[in-house]
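The following note is offered for consideration alongside the sequence and the coordinates. It treats the overall fold, the ligand shell and one tryptophan in turn.

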Amino acid sequence: MQGLKRPHTTIVLAISADGKIADAQRSPPRFGSPADKAHLESQVAQADGVLFGAATLRAGGTAMKVVNPDLIQRRLDQGKPPQPVQIVCSGSAKIDPQLRFFRQVVPRWLLTTAAGAVSWQERPEFEQVLVISEENSANPAENQDDWIPVFEQLAELGLQRLAILGGGELIASLLAVDLVDELWLTICPLLLGGANAPTPVDGVGFAAEFAPRLELLSAQPIEQEVFLHYRLKH
Ligand SMILES: NC(=O)c1ccc[n+]([C@@H]2O[C@H](COP(=O)([O-])OP(=O)(O)OC[C@H]3O[C@@H](n4cnc5c(N)ncnc54)[C@H](OP(=O)(O)O)[C@@H]3O)[C@@H](O)[C@H]2O)c1
């Protein structure tokens with residue numbers, strides 16, 4: 001993968017102390033403190049694009065946009081647009097156009113299959129509809145051949161830094177093709193439990209000997225939470 005021109009990628013997630021990113025009902029994650037929300041917003045403000053899975057959008061209904069005026073000003077001072085591009089990844093492209101997301105003042109792109117693209121291409125909601133797989137499969141982009149050209153295309157479209165905000169299914173597919181550079185986890189003081197509650201990395205999992213390895217860059221407790229920052233060892 002050396003020489004591949006692609007955006008630098010950083011996952012940002014809040015997790016319960018038992019390692020869940022949502023409860024078993026997949027409710028929107030509202031368990032982070034104001035400090036965690038500020039941390040998430042600061043990571044989003046450093047990104048050119050924000051990538052998330054369709055289930056995350058369906059659960060929350062909105063994108064995480066930058067609202068802090070200082071962060072917006074810093075972006076403008078750096079010659080960036082006020083908001084990063086919000087990129088939804090969906091194989092089916094079955095996304096309710098009534099979601100509040102579509103009324104937020106943010107640029108929106110869609111990553112989907114050739115079949116999924118058909119229903120959105122002539123509509124105004126997404127500025128770009130990028131095709132991740134020509135297959136009409138409901139679960140595309142499971143291998144490197146699918147993701148690598150998409151990430152190259154994102155770089156060509158000017159995205160140097162990508163924040164990846166979940167969920168566990170999308171993250172599993174990106175880790176499987178070694179496209180993740182950094183990981184922020186905020187450990188929050190609650191236990192969600194539930195065998196079917198989503199975790200930071202779902203999918204089929206990795207055998208321990210092949211599991212992606214991390215290097216701890218920092219660990220900072222703030223009040224009741226712990227902010228962990230890792231780098232992926234490629
Ligand atoms: N605590 C946190 O920080 C945090 C952050 C984010 C999300 N969450 C929570 O996590 C839950 C959602 O996570 P999740 O794992 O269920 O779902 P997800 O990863 O957000 O979304 C899964 C969907 O994304 C699309 N997708 C994922 N990988 C794809 C690929 N390789 N190619 C094409 N499409 C792909 C598919 O959409 P289609 O079904 O449309 O084909 C798939 O069904 C929600 O409860 C959300 O609130 C928590």
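1. Helices here are DSSP runs of H or I with at least four residues, and strands are E runs of at least two, both numbered from the N terminus. On that basis the protein chain, which is a predicted model, contains six helices and nine strands. Its radius of gyration is 17 Å, close to the 17 Å given by the globule rule for 234 residues, so the chain is as compact as a globular protein of that length.

2. Taken along the principal axes, the box filled by the C-alpha atoms is roughly 50 × 45 × 40 Å. Of the 234 residues, 38% count as buried. Among contacts between residues at least 6 apart in sequence, 69% join residues at least 24 apart.

3. The ligand is surrounded by 33 residues, of which Gly53, Ala55, Gly91, Gly166 and Gly167 come nearest. By class, the shell divides into 18 nonpolar, 10 polar and five charged residues.

4. Which elements each supply at least two residues of this shell? They are strands E1 (8-16) and E2 (49-53) together with helices H2 (54-60) and H6 (168-176). H2 provides the largest share, with five residues.

5. Trp120 is located in the loop between helix H4 (114-118) and strand E5 (128-133). With 18 other C-beta atoms within 10 Å, Trp120 is partly exposed, since a buried residue needs 20 or more and an exposed one has 12 or fewer.

6. Beyond neighbours within four places in sequence, Trp120 is in contact with Ala93, Leu110, Glu125, Phe126 and Val129. Gln104 lies 16 residues from Trp120 along the chain, and their C-alpha atoms are separated by 18 Å.

Definitions and conventions
Residues are numbered from 1 along each chain as its sequence is written. This is a predicted model: local features need pLDDT of at least 70, side-chain atom pairs count only at pLDDT 80 or more; totals for chains, interfaces and linings use all residues. A residue is near a molecule or strand if its C-beta atom, placed from the backbone, lies within 6 Å of it. Ala, Val, Leu, Ile, Met, Phe, Trp, Tyr, Cys and Pro count as nonpolar, Asp, Glu, Lys and Arg as charged, and the others, Gly among them, as polar. The radius of gyration is taken over C-alpha atoms; the globule rule is 2.2 Å times the number of residues to the power 0.38. Two residues are in contact if their C-beta atoms, placed from the backbone, lie within 7 Å.
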